[in-house]
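Trainee: Got a minute to go through this one with me? I'd like to start at the ligand.

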Amino acid sequence: MIKYLGSKRTLVPVLGEIATHVGARTAVDLFTGTTRVAQELKRRGLQVTATDVATYSQVLSDCYIATDATTVDLGELDDELARLAALPPEPGYFTRTFCEEARYFQPKNGARVDAIRNALAADHLGSPLFPILLTSLMLAADRVDSTTGLQMAYLKEWAPRAHQDLELRRPDLLPGTGATVAGDVMETVGLLPTVDLMYVDPPYNQHRYFTNYHIWETLVRWDEPAAYGIARKRIDSRDPSTRSVFNSKREMPGAFADLLGRVRAEVVVVSYNDESWVSAEDLTGMLHAAGHEMVQVLGFDSKRYVGAQIGIFNPSGEKVGRVSRLRNVEYVFVAGPADKVEAAVQGADVSRAGAGVVL
Ligand SMILES: C[S@@+](CC[C@H](N)C(=O)[O-])C[C@H]1O[C@@H](n2cnc3c(N)ncnc32)[C@H](O)[C@@H]1O
């Protein structure tokens, strides 16, 4: 899976157990990001719909959630991956922008990304293999990048992995049907199916995914945008249409309360951390106001995101700030009918020692 800010890797087993214990058969992963949580729910046999505004999340969801592995000819897929991997390097926009004007990838790998992505555009646009092949390319590029996992900056010295050769691997596809809904959740929420369980994991601060993962946006759109600054971000990063209400301190609390009032699910599970712009008490209040009979909160101590682990650096790579603390608490709010919420809390305890009801 790609390196991703706020990815719920460590919470995945907890969330899976919660879904199983409430007996959910259908689910929406509302801010799916890497699709990690949606994948876990699909693996457990749920019918899952994954949504996100990021174009790369939509591709990941088309690959892992909407594609039924039993319908894919794996021989054909492997042959195509081998053909793409053998294409001669073709230095183009990706190489120039992200390997020469910036140093996110070695040029030898950038030129192969250019060649493979051009071939996907020429040979596969609109085909069922397209999201699978593009996911394979994104994951391959992620394994040889030279960042800390955010694309606002690249490392001063090459990361050791950047010297490796780009390697296309077959994504681990899952059997079963699912769906992707693309777009801003404030617009798509009304289009989503009514489900047994909704997982809600929004951004809680000013860190924008559009700029933090601008290279994946460009790899998916393949639109060669003008780029600016040391990070070579897309010019439309400045466009209001690429902003999310969840990155605005002023607008986020109202938008979140509005959203929670509009989601249609019996059980709503919300990920939350204590660096958020809304307090745990306010979030509990929002969930009650949305009509849920019971709200319980589970707390998990967890490492903070990688930017905080390594310190704060200026553009020439010098350390300029200290990290205040390295650990924080991650919360999981569970809201719904009392019997379901109690079953969920029991499920979280089963999955993870140390989980406890904190509020
Ligand atoms: C905390 S991350 C989700 C991480 C995900 N649970 C995982 O484990 O990978 C938040 C996600 O919300 C998405 N997002 C931000 N604003 C959005 C909006 N207005 N509508 C839909 N998705 C949005 C971002 O693109 C990002 O993928």
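**Ligand site and confidence**

Mentor: Sure. In this predicted model, a backbone N or O atom of Lys8 sits 2.9 Å from an oxygen atom of the ligand. That falls under polar contacts, pairs of N or O atoms within 3.5 Å. Local features need pLDDT (the predictor's confidence in each residue, 0 to 100) of at least 70 and side-chain atom pairs 80 or more, while totals for chains, interfaces and linings use all residues. Residues are numbered from 1 along each chain as its sequence is written, and side-chain values use heavy atoms, with hydrogens and water left out.

Trainee: How much of the ligand's exposed area does the protein bury?

Mentor: The side chain of Tyr4 has an N or O atom 2.7 Å from a ligand oxygen atom. Asp184 offers a side-chain N or O atom 3.1 Å from a ligand nitrogen atom. Alone, the ligand exposes 600 Å² (Shrake-Rupley, 1.4 Å probe), and the protein buries 98% of that.

Trainee: How many residues surround the ligand?

Mentor: Near means a heavy atom within 4 Å. Tyr4, Thr34, Asp52, Asp201 and Ser244 are the closest. The full count is 19.

Trainee: Which residues have pLDDT under 50?

Mentor: The protein averages a pLDDT of 91, and 90% of residues score at least 70. Where pLDDT is low, predicted coordinates shouldn't be read in detail. The stretch where pLDDT stays under 50 is residues 353–359.

Technical notes
Contact means heavy atoms within 4.5 Å. A polar contact is a pair of N or O atoms within 3.5 Å; within protein, one must be able to donate a hydrogen and the other to accept it, and residues adjacent in sequence count only if both atoms are side-chain atoms.
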